[in-house]
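Let's take a friendly walk through this model, from an enclosed helix to charged pairs and a charged patch. Please keep the viewer open as you read.

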Amino acid sequence: MGCQVAGKTLEIFKLREESDTLKQAKKRKKRRQERKKLKHDKENSLKESENHMKDEIVASDMFHLLQIVRVKQKIRSFSFSPAISRKGQLLATVVLSLHNNSVEVYDVTEGSCTPMHLIDLPGHRSDVRSLTLSNDNTLLMSTSHNAVKIWNPISGSCLRTIEAGYGLSGLFVPGNRYAIVGTKEGKLEIFDIGASERVNEVEAHQGTIWSVTLYPNGQGFVSGSADHDVKFWEFKLAEDKGTKALNIANVRTLKMTEDVLSVCFSPDSKYIAVALLDSTIKVFFADSLKFFLSLYGHKLPVLCMAISSDAALLASGSADKNIKIWGLDFGDCHRSLFAHSDSVMAVQFVCNTHYLVSVGKDCKVKYWDADKFELLLSLEGHQAEVWCLAISSLGDFFVTGSHDRSIRRWERTEEPFFLEEEKEKRLEALFDSEQDNMADAHELSKGVPEEGAVALAGKQTQESVTAADSIIEALDLAETELERLRVHEASKEKGIFQPNVLLLGLTPSAYVLRSLSNVCASDLEQALLALPFTDALKLMTYLKEWMIEGSQTELICRVAVLILHLHHPQLVATLSSRPVLTSLYEVLKVGVKRLKDTMGFNLAAMSHLQALLASRSDAVFKDARDKVLAVRENLAKKADQRPDQGHMPVKRRKKRKEAA
């Protein structure tokens with residue numbers, strides 16, 4: 001039996017036979033009696049029954065410590081080989097899975113524990129903290145806490161492994177002969193890739209070097225550090241023992257007020273952007289280092305940045321889980337995207353496009369359209385936080401590095417994908433996760449509702465999801481029809497506008513109202529909850545028109561209150577929603593007052609009719625039902641008491657004949 005301890009050892013025990021176990025128990029009891037110096041006869045005490053001895057057997061009597069396997073890394077798990085070996089004194093073969101992604105095999109005998117095999121892939125033994133692709137995409141450099149590895153990104157084979165410091169950033173020197181790595185200790189390490197050795201080490205900064213980026217012209221690079229400095233470096237060739245080797249020289253230094261977390265050059269060499277610990281981004285002119293723009297908006301520090309190939313857009317990812325798209329002409333924020341459920345660790349533009357790739361601590365890789373501000377793809381594969389990202393110059397593949405010590409290569413295929421299908425997949429996944437969370441919460445909740453208590457169902461159903469889909473489809477169809485109508489009115493051609501037959505002869509507004517009114521009242525709240533905020537905002541723009549028309553006022557008021565309750569933070573933060581809310585407030589008050597007046601008028605008319613009917617009748621109108629029932633009951637009783645004519649007395653029949 002093996003027992004794994006919380007450390008670097010594995011204890012292997014041997015199970016004794018039953019007779020040996022009883023002997024061990026007897027010896028233990030004898031020793032205990034000798035220690036206690038019992039006065040009664042020891043021989044009588046040792047002649048106890050075996051059944052009684054079995055009751056006193058403990059684990060130490062059954063198990064004997066055979067071997068202790070000691071390894072250099074923490075043990076994650078172990079397993080014994082099911083095959084029984086016949087070789088000599090070999091008792092078992094045990095396999096250990098270690099913390100550094102390696103597997104070791106040991107043979108266990110009575111007197112020793114011998115290592116036999118080691119399965120050791122050429123990957124990293126700790127987090128992959130940075131990735132860099134060469135200009136021709138033939139080499140990939142990855143850094144970790146104690147090594148730099150050079151890979152072939154196409155085949156995935158490891159070409160070089162070089163000892164290094166804790167690398168957090170890196171780059172290839174043009175020509176792919178040398179590489180430079182910025183470390184946690186503030187050093188810049190220069191590596192000769194062909195010789196697989198570190199040729200130079202420069203004390204560049206007093207703090208951690210978080211970012212290094214190459215000049216667009218390739219003649220130098222920039223480093224940003226936690227010591228508040230942005231340093232500009234140039235490449236130089238220095239002779240050493242008759243051979244020329246690469247060296248670097250500091251030519252300029254830009255002093256900042258906070259820790260520098262990321263540095264980025266614009267491809268046209270015009271601007272340099274610096275992300276600081278105070279959650280701001282400073283943009284300077286690259287030639288004169290004069291201040292140009294300051295970008296405010298993130299609530300937490302900006303961890304990564306990227307500038308598009310045309311130098312029109314800057315994307316920033318932050319610890320506040322958002323990606324912001326900025327315009328570099330005026331420094332305006334085009335859009336803020338809630339990108340990941342945890343910190344955004346890296347963003348990069350695909351070359352010559354406005355497509356954006358982002359990675360985060362939520363283990364996901366996401367692909368965005370920075371012009372339409374839409375999420376195109378969400379890729380899953382990593383099992384832990386994703387730290388770094390590198391995109392090829394052609395945009396045909398990119399690689400990601402993670403806390404799970406893996407490097408994954410994602411390749412663009414010829415297979416097309418459709419945005420609507422991807423949205424549906426994400427909604428289904430979100431729906432399934434919400435169902436699981438609700439089920440867990442229901443199991444954990446101990447409160448029992450009162451008997452007879454009634455409340456809205458807190459769980460989404462297939463009907464509510466279908467209702468939400470029908471509302472979204474109606475909104476999209478109405479928006480398309482309104483756009484067609486605007487184009488027709490703006491065109492100079494005079495002709496009859498042909499409405500869409502899918503609207504069933506209704507106006508776009510009436511069609512949306514029809515779809516909304518078809519939703520069951522019990523599913524309305526969950527259907528509105530499933531609507532995205534953009535569609536909920538579209539729906540609110542129709543409420544004013546419906547309220548003015550005066551149709552289904554109660555339904556419109558309920559929809560308005562539910563949307564305001566469900567999306568209140570987004571509505572308050574969105575500028576475009578304020579005019580809609582202001583205009584809707586006035587219309588809702590007037591519409592509700594009109595409905596109350598109508599109901600009051602109808603109630604007064606019914607009271608008047610009740611009074612008229614009561615005045616024309618001898619009976620009081622409000623008791624008419626009871627009195628009618630009483631009259632019917634009396635008539636029924638009289639009918640039951642009235643005898644049949646065949647049994648009428650003779651005298652009464654004679655009188656009737658005479659009268660006739």
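In helix α7, the buried residues are P508, S509, Y511, V512, L513, S515 and L516. Buried here means under 20% relative accessible area, exposed means over 50%, and partly exposed lies in between, with a 1.4 Å probe and protein chains only. Because 7 of the 10 residues of α7 (residues 508-517) are buried, the helix is largely enclosed by the rest of the structure. Helices (H or I, at least four residues) and strands (E, at least two) are DSSP runs, numbered from the N terminus.

A word on the source: this is a predicted model, in which local features need pLDDT of at least 70 and side-chain atom pairs count only at pLDDT 80 or more, while totals for chains, interfaces and linings use all residues. Residues are numbered from 1 along each chain as its sequence is written, and side-chain values use heavy atoms, with hydrogens and water left out.

Now for the charged pairs. How many salt bridges does a search of the whole structure find? The search finds 14, a salt bridge being a side-chain nitrogen of Lys or Arg within 4 Å of a carboxyl oxygen of Asp or Glu. One of them joins K187 to E201, with the closest N and O atoms 3.1 Å apart. K187 lies in strand β14 (residues 187-192) and E201 in strand β15 (residues 197-203), so this pair ties together parts that are 14 residues apart in sequence. K187 is partly exposed at 23% relative accessibility, and E201 is also partly exposed, at 37%.

E189 and R198 form a salt bridge too, at 3.0 Å from N to O. Here E189 is buried, with a relative accessible area of 2%, whereas R198 is partly exposed at 38%.

Further along, R409 pairs with E411, and their closest N and O atoms are 3.3 Å apart. R409 is partly exposed at 33% relative accessibility, while E411 counts as exposed at 55%. Elsewhere, D476, E479, D535 and K538 are joined into one network by salt bridges that share partners.

Finally, look at the positive surface patch formed by K23, K26, K27, R31, R35 and K36. Patches are made of residues with over 30% relative accessible area and no salt bridge, and like charges are joined within 9 Å. Within this patch, K23 sits in helix α1 (residues 18-36) and counts as exposed, at 52% relative accessibility.

Terms used. Patches are made of residues with over 30% relative accessible area and no salt bridge: like charges are joined within 9 Å, nonpolar side chains (Val, Leu, Ile, Met, Phe, Trp, Tyr) within 5 Å. Accessible areas come from the Shrake-Rupley method with a 1.4 Å probe; for residues, only the protein chains shown count as cover. Lys and Arg count as positive and Asp and Glu as negative; His and the chain ends are not counted. The place of a charge is taken as NZ of Lys, CZ of Arg, CG of Asp or CD of Glu.
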